[in-house]
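I opened a fresh page for this one and went through it feature by feature. These are my notes, in the order I looked things up.

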Amino acid sequence: MGLFSKNKKIRSTYEAETLRKAFDEDYETYNRVGSSEDLKRYNELDAYVNSPVFKDRRKKIEQLSYKDSEYYTAEKKYKKLLKFSKLKSYYIIRESQELKGYLKIRESSAYAEFAKLHVIVNAAGFDKKLRPEEYLAYRKLLKDPRIKASLRFEKNRKYRDYTEMSQSQVPQEFEQLSAYIKSDDFKKNREYLLNKKRYLTTDDYKLLCEFKDLKKRPDIVKYFSLCADPNFRNMCKWELVVHDDFNQGKLDAHRWITRYYAGERFLDDTYAVGQDVQLFTADNIVFTNTSAVLKFKKESIIGKYWDNTLGITEKSFDYTSGLLSSAIDFRQCYGKFEAKIKLSRSAVKQCFWMRGDTDMPHIQIMENGPEGVKMGTICGSGHKCTSTIQPLKDMKLANDYYIFTLEWTREKLVWKINDMVVKEIRENIPDIPMYVIFSLGANEAPADRSLPATMEIDWVRFYKMKN
């Protein structure tokens, strides 16, 4: 399925690389925040403050009423006892000098004698004529100033209240209530229950504030926006397994070979196949400070050629060129494969492609030649080949760098230029490991004026899908 149309504009390589740099920064933030204690704390708080338990606790706290509390009941009872006249009398008498004097008189022998005679004289059947001595002694004691004072004190209403309260639990209950109401614990709880904004003083509210602060924090906001971004998630699913920036001024011989795989493995030499007019040689790989350059030039050379009938033979070539292959070091089934390549208008084809040990299937990631840029795949079904290579006729690319990408999964193949989709297919998906090849070649002799031709590769990146 071709997705590119003449109404669609490919973003510039600068824009693509700027977006990639932004992704790298976002990815750093995503990983840093994702593994941070702050996010762990945020998730803990999120689970708590949005739980039924938290909401129920808040509701109960906000519905609390002082009048419905044990503290209000205790205070109300305390205030009632404060107004209780008998209890007031009890405390007045208990601390009075009169009570101290009265108790001293009651400890005297005179009061003891009076108390005894008082019982006798006031007993039923007592006859003062028959027992005059006791009666006269009793009358004499009644005139004693100390006895008279004590009798007068006993008739005092406050003393009677004191006596009654002393025989009850009321003073003890009052004193317990008084100590309770004057305690710091009571004052704290009373103040809490009377405070209409009591929820703001709770530990739960502190946790809610902590949660809200974390939720507004820019890096955490960024983290969750990235989690919700499908484009970001799509880029995160790839794990880099191979990269080469070609900035060492020489080829990494462990990673790349400069001829066809069969020549490397079986011949220890380069060879040509099919309609190749060139022979690939290592001399045609040169370097700038930041890139690898494949060169196609006019050069007479005798080299090996694979003939379907005769096998390996020798023939004369008028051209040599450059090829890079990952066949020895890297092969992979499915993944993301991309390179930043500088295009040039020439009769010589610049190719970025993949293949396995057999010619079919193979995937053409990008081909740039006289007809312009083509992107697509060639798949083999038995002995039948189906070509789905698609020229991007409506797209004119400048002689400049572009990032060419293939995303290969079980379900589909997607081709991109500067991270914008230009082609997608969902049928005939290869399912064998393949290696990557960069080649510069032609199937017929190019005009001399177009030579030497070059294919400049700034970098390559190969990824696999994360588990």
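My entries below cover cores, pockets, ring pairs and a few backbone oddities.

**Entry 1: what I'm looking at**

I note up front that this is a predicted model.

**Entry 2: the cores**

I went for the nonpolar cores to begin with. In general, nonpolar side chains tend to be buried together in soluble globular proteins. Here the largest nonpolar core has 48 residues, and F404, W408 and F438 touch the most other members. Strand β18, residues 453-465, gives this core its largest share, which is five residues. I also found another core lying apart from it, with 29 residues that include I93, F126, F174 and I181.

Then I picked F404 and asked which residues it is in contact with, leaving aside its neighbours within four places in sequence. My list reads F337, E338, A339, I341, L343, F352, M366, V373, M375, L397, K416 and I417.

**Entry 3: the largest pocket**

Next I looked for empty space. The largest pocket holds about 1,000 Å³. I got 35 residues for its lining, with Y260, V273, D276, W353 and D359 nearest its centre. Which classes make up that lining? I have 17 nonpolar, eleven polar and seven charged residues. Several elements supply at least two lining residues each, among them α16 (261-267), β9 (349-355) and β10 (362-369). β3 (278-280), β11 (372-381) and β17 (435-441) also do so.

I stayed with D359 for a moment, as one of the residues nearest the centre of this pocket. I found D359 in the loop between β9 and β10. Its relative accessibility is 42%, so D359 counts as partly exposed. I also noted that the C-alpha atoms of D359 and I378 are 9.8 Å apart, with their positions 19 residues apart along the chain.

**Entry 4: the second largest pocket**

The second largest pocket comes out at about 440 Å³. Its lining has 21 residues, and R11, N231, F232, M235 and D419 lie nearest its centre. Two or more lining residues come from each of α1 (13-34), α15 (230-236) and β14 (401-408). Which element gives the most? I wrote down α1, with six residues. By class I have nine nonpolar, four polar and eight charged residues in this lining.

F232 turned up again when I checked L226, a residue of helix α14. Leaving aside neighbours within four places in sequence, L226 is in contact with D26, Y30, F232 and R233. L226 has a relative accessible area of 4%, so I put it down as buried. The C-alpha atoms of L226 and F23 are separated by 9.8 Å, although these residues are 203 residues apart along the chain.

**Entry 5: aromatic pairs**

I described each ring pair by the distance of the centres and the angle of the planes. My count came to 39 aromatic pairs.

I looked up Y42 and F224: the ring centres are 5.3 Å apart and the planes are at 50°, so this pair is tilted. Y42 is in helix α2 (residues 37-49) and F224 in helix α14 (residues 218-227), 182 residues apart. Is each partner buried or exposed? Y42 is buried at 7% relative accessible area, whereas F224 is partly exposed at 33%.

Then I took Y78 and F174. Their centres are 5.4 Å apart and their planes at 10°, so the pair is stacked. Y78 belongs to helix α4 (residues 70-82) and F174 to helix α11 (residues 170-181), so the pair ties together parts 96 residues apart in sequence. I have Y78 as buried at 13% and F174 as buried at 11%.

I also found a cluster linked by ring pairs: F246, W256, F330, Y334, F337, F352, W408, F438 and F462.

**Entry 6: backbone oddities**

I checked two cis peptide bonds. One runs from M360 to P361, with omega near -5°, and P361 lies in the loop between β9 and β10. Another runs from L451 to P452, also with omega near -5°, and P452 sits in the loop between β17 and β18.

I then turned to positive phi values. D268 is not a glycine, yet its phi is near 50°. I found D268 in the loop between α16 and β2 (271-272), and D268 is exposed at 58%. N418, not a glycine either, has a positive phi of about 50°. N418 is in the loop between β15 (413-417) and β16 (420-425), and N418 is buried at 0% relative accessible area.

Technical notes:
Residues numbered from 1 in each chain as written. Predicted model: local features only at pLDDT ≥ 70, side-chain atom pairs only at ≥ 80, totals over all residues. Heavy atoms only, no water. Core = buried A, V, L, I, M, F, W, Y, C linked by side-chain atoms within 4.5 Å. Buried < 20%, exposed > 50% of the residue type's maximum accessible area, 1.4 Å probe, protein only. Helix = DSSP H or I, 4+ residues; strand = E, 2+ residues; numbered from the N terminus. Contact = heavy atoms within 4.5 Å. 1 Å grid on protein atoms, 1.4 Å probe; cavity = no way out; pocket = protein on both sides within 12 Å on 5 of 7 lines; lining within 4 Å. Points joined across faces, edges and corners; volume = space filled by probe spheres on them. Nonpolar A, V, L, I, M, F, W, Y, C, P; charged D, E, K, R; others polar. Phe/Tyr/Trp six-rings, centres within 6.5 Å; stacked < 30°, edge-to-face > 60°.
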